[in-house]
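Work through the exercises below with the sequence and the structure in view. Try each task before reading its solution.

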Amino acid sequence: MALIQMTYLSMALLRTVEVQVILPVDKMNLVPGMQKEKKYKTLYLLHGLLGSNVDWISGTCIQRWAEAKNLAVVMPSGENSFYFDHAQPNSAYGAFVGQELPAMMKKTFPLSARREDTFIGGLSMGGYGALRNGLKYCDTFSHIISLSGACHIFEEKGHGLFGALACFGDRKKAEKTDLNPKIAFDNAREKGCVPKIYMSCGLEDGLLVPNRKLKEYFEKQGAELTYVETAGGHDWDFWNSQIHEAIDWLPLESESRGISSGHVTDQTE
């Protein structure tokens, strides 16, 4: 498994951005005929508020699970942007994660260009970003993972934790646009390419009620939805367990018999 930290000049943000990439390119296959070039299925994974592109690596076992399933994982830094295009210049975070980043990664690494092999997910703020952008850019992404998604944005009074929700401006107006996952879902349905959705939230999480409400809306609209509630709060123990479940939900390969630094088996039989 290759763990790559890369930088590139983003045209959407007009600055150099940092991205972590998990790429299962160095797994050795000792069975004759198994060593061949391939294009990898890819999960774009978004961090939460106050986080960075290293959060998923340090907080979960994502590298080990991605390696087992031959899954590439791309983890950008989204700052506290909620992953949508802001009014101020050089802040097109939605276009960054929904268009530019997938295009750049496919030019740089051996990633599949097929929609059915391209997924987006995230936690908390990143869970909202995955829902909104997965639906808005539904021609890019076929599956969405939202863990403890920030689905309370248009219900909460004030500007939220650390003033984070101030970036939405007038939320009554924003609620009527595709910044609202409900509107984004309706738009994707009109385009005829609604992704499959995995949502989960901990029973002790303060965001449980808004997640339930959004889940009910998606169900009424006929979404292909897997919804999970289980013990846990808004923390890494929950996200670590749930990203494992979500990866199992994705249409991936069975666990590989290849040899890596963390998985050594006897393949001489």
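**Exercise 1.** Place Thr118 in the predicted model, and decide whether Thr118 is buried or exposed.

Solution. Start with the secondary structure: Thr118 lies in strand S5, which covers residues 118-123. Next, take the relative accessibility of Thr118, which is 1%. Buried means under 20%, so Thr118 counts as buried.

Now look at what surrounds the residue. The side chain of Thr118 reaches the backbone oxygen of Arg114 at 2.9 Å. Leaving aside residues up to four places away in sequence, Thr118 touches Thr42, Tyr44, Lys106, Ser112, Thr140, Phe141, Ser142 and His143. Arg114 also takes part in a network of salt bridges that links Arg114, Glu116 and Asp117.

**Exercise 2.** Find the strand that holds Ala72, and list what Ala72 touches.

Solution. Ala72 belongs to strand S4. With a relative accessibility of 0%, Ala72 counts as buried. When residues up to four places away in sequence are not counted, the contacts of Ala72 are Ile22, Leu23, Pro24, Tyr40, Lys41, Thr42, Leu43 and Leu111. To compare sequence with space, take Val21: Ala72 and Val21 are 51 residues apart in sequence, and their C-alpha atoms are 7.2 Å apart.

**Exercise 3.** Describe the largest nonpolar core, and name the members that touch the most other members.

Solution. The core has 58 residues, and those touching the most other members are Phe82, Met105, Phe168 and Phe218. Then ask which element supplies the largest share of this core: helix H3 (residues 93-108), with six residues. Take Met105 as an example. Not counting residues up to four places away in sequence, Met105 touches Met6, Tyr8, Val21, Tyr44, Val74 and Leu111. A second core of 23 residues is separate, and its members include Trp56, Leu71, Met75 and Leu147.

**Exercise 4.** How many salt bridges are there, and which parts of the chain does the pair Lys69 and Asp248 tie together?

Solution. The count comes to eleven salt bridges. In one of these, the side chains of Lys69 and Asp248 meet at 3.1 Å, N to O. Lys69 lies in the loop between helix H2 (62-68) and strand S4 (71-76), and Asp248 lies in helix H8 (residues 236-249), so the pair ties together parts that are 179 residues apart in sequence. The two ends can also be sorted by accessibility. Lys69 counts as buried at 12%, whereas Asp248 is partly exposed at 43%.

**Exercise 5.** Treat the salt bridge between Lys136 and Asp178 by the steps of the previous solution.

Solution. The closest N and O atoms of Lys136 and Asp178 are 2.8 Å apart. Lys136 sits in helix H4 (residues 125-136) and Asp178 in the loop between helix H5 (171-174) and helix H6 (181-191), so this salt bridge ties together parts 42 residues apart in sequence. Lys136 is partly exposed, with a relative accessible area of 29%. Asp178, with 19%, is buried.

**Exercise 6.** Classify both ends of the salt bridge between Glu155 and Lys213.

Solution. The closest N and O atoms of this pair are 3.8 Å apart. Glu155 lies in the loop between strand S6 (143-147) and H5, and Lys213 in helix H7 (residues 208-220); the pair links distant parts of the chain, 58 residues apart. For the classification, read the relative accessible areas. Glu155 has 45% and is partly exposed. Lys213 has 42% and is partly exposed.

Notes
Residues are numbered from 1 along each chain as its sequence is written. This is a predicted model: local features need pLDDT of at least 70, side-chain atom pairs count only at pLDDT 80 or more; totals for chains, interfaces and linings use all residues. Side-chain values use heavy atoms; hydrogens and water are left out. A nonpolar core is a set of buried Ala, Val, Leu, Ile, Met, Phe, Trp, Tyr and Cys residues joined through side-chain atoms within 4.5 Å. Buried means under 20% relative accessible area, exposed over 50%, partly exposed in between (1.4 Å probe, protein chains only). Helices (H or I, at least four residues) and strands (E, at least two) are DSSP runs, numbered from the N terminus. Contact means heavy atoms within 4.5 Å. A salt bridge is a side-chain nitrogen of Lys or Arg within 4 Å of a carboxyl oxygen of Asp or Glu. A polar contact is a pair of N or O atoms within 3.5 Å; within protein, one must be able to donate a hydrogen and the other to accept it, and residues adjacent in sequence count only if both atoms are side-chain atoms.
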